[in-house]
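Q: I have a structure open and would like to talk it through with you, beginning at the surface and working inward. Could you take my questions one at a time?

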Amino acid sequence: MTSTKRKAPSDAQTTTTTFTARNPPWTYLKLQLIQQPHTTLSTPLDPLTARTYLSSALSQFLGQMGASIPIDILEVGPESSQSKSQPQSPSTDKTIWIRVPRQDAHAVVTAVSSWIGGPGSDTTEAEGGVAWRVCAKGNFLGALVRGDGRDLFAS
């Protein structure tokens, strides 16, 4: 009879485990609020104002169905130092990070990128129009914040 001893794993053998997230439930968007040149934005961008602008864009594009899309505002803050070469007033240099369901992301991107609204109403105003610029979109927040992710792993 042959002995059936198992070999102890040696240090030279390494086990590689891979994981693939195929259908993440959320899509993350980085949006920048821009305004018409030679105008001033009277109210600062806060979460309530951002929510109002986003709801206006979604309801204008998709009606009640668009207004019912859940949006989580993760952060409202100033633009990073990457666009300091373009001088803008401090009140317009604002970005927000939002999270939307993955299946609604295309509709949200289309709605916010085509919306132009006035700071005091849900309609377009020629003198004080504001709009959203989509700066980044992705299914993983870490990849959007830190770049392409290559610096996360040792090479």
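Q: Which residues form a nonpolar patch on the surface?
A: This is a predicted model, and in it Phe-61, Leu-62 and Met-65 make up a nonpolar surface patch, with a joint accessible area of about 310 Å².

Q: Where is Phe-61 placed, and what is its relative accessible area?
A: Phe-61 belongs to helix α1, and because its relative accessible area is 40%, between the limits of 20% for buried and 50% for exposed, it is classed as partly exposed.

Q: OK, going inward: which residues have the most contacts inside the largest nonpolar core?
A: The largest nonpolar core has 22 residues, and those with the most contacts inside it are Leu-31, Leu-54, Ile-96, Ile-98, Val-108 and Trp-132. The elements that each supply two or more residues to this core are β1, α1 (47-62), β3 (94-101), α3 (105-113) and β5 (130-138). In soluble globular proteins, nonpolar side chains tend to be buried together.

Q: And what does Val-108 touch?
A: Leaving aside residues up to four places away in sequence, Val-108 is in contact with Leu-29, Leu-58, Ile-69, Ile-98 and Val-100.

Q: Switching to Thr-27: is it buried or exposed?
A: Thr-27, which sits in strand β1 (residues 26-35), counts as buried because its relative accessibility is 1%, and buried means under 20%.

Q: Which side chain does Thr-27 join in a polar contact?
A: The side chain of Asn-139 is joined to that of Thr-27 by a polar contact of 2.9 Å. Beyond residues up to four places away in sequence, the residues that Thr-27 touches include Ile-98, Arg-99, Val-100, Lys-137 and Gly-138.

Q: You mentioned Arg-99; what does its side chain meet in a salt bridge?
A: The partner is Asp-72, with an N to O distance of 2.7 Å, and the count of salt bridges comes to one. Since Arg-99 lies in strand β3 and Asp-72 in strand β2 (residues 72-78), the pair ties together parts that are 27 residues apart in sequence.

Q: How accessible are those two, Arg-99 and Asp-72?
A: Arg-99 is partly exposed, having a relative accessible area of 23%, and Asp-72 also counts as partly exposed, at 26% relative accessibility.

Q: Last one: where does Gln-36 lie, and how far is its C-alpha atom from that of Val-130?
A: Gln-36 is found in the loop between β1 and α1, where it is partly exposed with a relative accessible area of 32%. Although Gln-36 and Val-130 are 94 residues apart along the chain, their C-alpha atoms are separated by 6.4 Å.

Methods: Residues numbered from 1 in each chain as written. Predicted model: local features only at pLDDT ≥ 70, side-chain atom pairs only at ≥ 80, totals over all residues. Heavy atoms only, no water. Helix = DSSP H or I, 4+ residues; strand = E, 2+ residues; numbered from the N terminus. Buried < 20%, exposed > 50% of the residue type's maximum accessible area, 1.4 Å probe, protein only. Polar contact = N/O pair within 3.5 Å; in protein donor to acceptor, adjacent residues only side chain to side chain. Contact = heavy atoms within 4.5 Å. Core = buried A, V, L, I, M, F, W, Y, C linked by side-chain atoms within 4.5 Å. Patch = residues over 30% accessible without salt bridge, like charges linked within 9 Å, V, L, I, M, F, W, Y side chains within 5 Å. Areas by Shrake-Rupley, 256 points an atom, 1.4 Å probe, with all protein chains shown as cover. Salt bridge = Lys/Arg side-chain N within 4 Å of Asp/Glu carboxyl O.
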